[in-house]
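Student: I would like a close look at one part of this model, the open spaces and whatever surrounds them. Please go through it step by step.

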Amino acid sequence: MLKDKKLLTIFQDHKVNIKEYSDYFNDILSIKKIIGDQNCIIEVNGDILIKNYIGCFSTKRISIQVIPKIYDEELLNSPNEIKKSLNLVYKLLEWSDYFSFVKFNASRIISNTDSFLEIIISLFIDEFLIIHGRNNYREYRDIESEEIFLKGKILFNKSNDYNPTKSLRKFIQYDELSINNLINRIIKTTIFKLIGFTRKEYNIKKLRLGLLYLEEVDFINLNSGLFKKIYFNNINREYKPIIQFAEMFFSSHQFELKAGTNETLAFSIQLNLLFENFVLKVLQNIYVGKYEVAYQKKRYLAEDNLNNPKFQVKPDFMIVDTSKNTIMILDTKFKNPYPKTDKIGIKSSDIYQMCAYSICFNCNSIVLIYPVFKGCEKLENTCFNINIESKKLKINIVQIDLFVDDFDSICKNFKNQLENI
């Protein structure tokens with residue numbers, strides 16, 4: 001039975017002391033190289049603060065999972081909060097269609113108590129085993145060899161140059177349907193790498209089964225340019241999801257494998273971006289017909305004295321009518337608007353940003369969208385009224401209860417809130 005490696009759980013945007021993990025300090029430092037010094041702050045007293053990102057980071061010795069802080073109380077590392085936070089992440093991944101290339105079933109995953117990393121590895125190998133079971137992908141490739149029995153075509157010049165005396169043996173060229181192709185080589189190498197990071201027997205068994213299926217396939221040195229060489233057609237299109245999944249392990253945006261003494265496997269998501277993608281799906285469900293949801297429409301706020309545009313603004317969402325008039329501007333913030341235990345909340349800079357949106361897009365109806373946090377009462381009809389010259393700007397604070405398990409119910413409740421502002 002494999003011994004589980006050390007697991008460290010960190011709540012995003014909340015400090016935790018890691019003095020007891022001093023033996024793993026160099027491993028933990030690898031996070032800074034992946035998400036940047038500004039997003040991973042380690043203080044001299046042993047406190048670590050990870051900002052903006054959630055996800056999992058793993059070396060051969062320790063796994064680190066960074067998850068949202070969804071309870072207002074200071075119950076850091078509470079098993080109940082960790083479980084509920086992970087479940088929330090899984091639901092957001094499904095509802096937002098963040099993994100557009102793979103079926104992410106949160107209800108099936110929620111019952112699993114393993115770490116985020118083990119869940120991601122399991123999703124990858126399960127997807128491969130399903131696809132491989134339906135289609136053992138092979139490609140034709142050109143083969144040149146010296147043979148007695150003829151097949152394909154004879155390479156006369158090569159036969160004469162290299163074998164002038166052995167008349168019975170000829171160099172020939174022929175096509176062979178081979179499993180040893182680029183797609184399978186990428187998958188096999190990815191599977192082999194993942195075995196070094198998982199500690200769960202069920203994952204190891206499935207990964208080794210994948211290696212067994214690809215026994216005749218060579219390994220390959222993975223790099224980002226390699227994935228661009230693959231051309232998908234009707235024959236191999238079924239393998240596109242698993243290749244996209246494999247690419248995530250070696251993409252600087254999602255998964256990253258750092259070579260060196262301590263290889264680090266990292267899956268990092270910008271939490272605000274995940275929440276933003278989820279809200280987009282909700283709005284698209286609500287606004288159909290005579291309204292359209294415009295996503296991150298850009299415009300410049302000012303011009304300099306040479307008429308060059310300056311200060312680009314980009315609200316998350318705009319609701320526009322058939323005449324392209326902006327009816328409402330909405331922006332997402334994954335943080336607690338009125339926390340009990342700290343001073344994060346609604347910042348004056350957030351309000352200034354909303355005022356800039358209003359001026360730039362000539363819209364007086366602004367909505368700031370926040371999630372509901374456990375331990376906090378959901379706010380109703382909260383707004384700020386601002387007078388800008390002769391115009392009256394209304395900034396509404398709206399919260400989405402992500403702890404509701406039904407997506408349609410979330411859409412219905414959110415629609416009611418928007419209609420009542």
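Tutor: The lining of the second largest pocket splits into six nonpolar residues, six charged ones and no polar ones. The model is a predicted one. Helix H4 (residues 116-134) gives the largest share of that lining, six residues. The full list is Phe-101, Val-102, Lys-103, Arg-108, Leu-123, Asp-126, Glu-127, Ile-130, Ile-131, Arg-134, Glu-238 and Pro-241. The volume of this second largest pocket is about 260 Å³.

The largest pocket has a volume of about 480 Å³. It is lined by 17 residues, and those closest to its centre are Asp-13, Asn-52, Asn-272, Phe-334 and Lys-335. By class, the lining of the largest pocket holds seven charged, five polar and five nonpolar residues. Here the largest share, four residues, comes from H10.

H10 leads on to a sheet. The sheet is open and has six strands in the order E12-E15-E16-E17-E19-E18, with mixed pairing. Strand E12 (291-295) and strand E18 (382-388) form the edges, each pairing on one side only. From one strand to the next, the twist averages 25°. Helix H10 (residues 271-286) packs on this sheet and touches E12, strand E15 (317-321), strand E16 (326-332), strand E17 (365-371) and E19. The direction of H10 makes about 165° with that of E12.

At the other edge, E18 runs antiparallel to strand E19 (residues 391-400), and seven bridges join the two. One bridge pair is Asn-385 with Lys-394, the latter in E19. Helix H11 (residues 348-361) lies across E15, E16, E17, E18 and E19, and it runs at about 155° to E16.

H10 also packs against a second helix. Helix H12 (residues 407-419) meets H10 at an angle of about 75°, and their axes are 9 Å apart. Angles of 65 to 115 degrees count as roughly perpendicular, so H10 and H12 are roughly perpendicular to each other. On the H10 side, the contact is made by Phe-278, Lys-281, Val-282, Leu-283, Asn-285 and Ile-286. H12 brings Phe-407, Asp-408, Ile-410, Cys-411, Phe-414, Lys-415 and Leu-418. Nine residues of this H10 and H12 contact are nonpolar, three are charged and one is polar.

In short, H10 lines part of the largest pocket, packs on the sheet and packs with H12.

Technical notes. Residues numbered from 1 in each chain as written. Predicted model: local features only at pLDDT ≥ 70, side-chain atom pairs only at ≥ 80, totals over all residues. Heavy atoms only, no water. Pairing = 2+ DSSP bridges. Axes fitted to C-alpha atoms, helices over the stretch in contact; angles between N-to-C directions. Contact = heavy atoms within 4.5 Å. Parallel < 35°, antiparallel > 145°, perpendicular 65-115°, else oblique. Nonpolar A, V, L, I, M, F, W, Y, C, P; charged D, E, K, R; others polar. 1 Å grid on protein atoms, 1.4 Å probe; cavity = no way out; pocket = protein on both sides within 12 Å on 5 of 7 lines; lining within 4 Å. Points joined across faces, edges and corners; volume = space filled by probe spheres on them.
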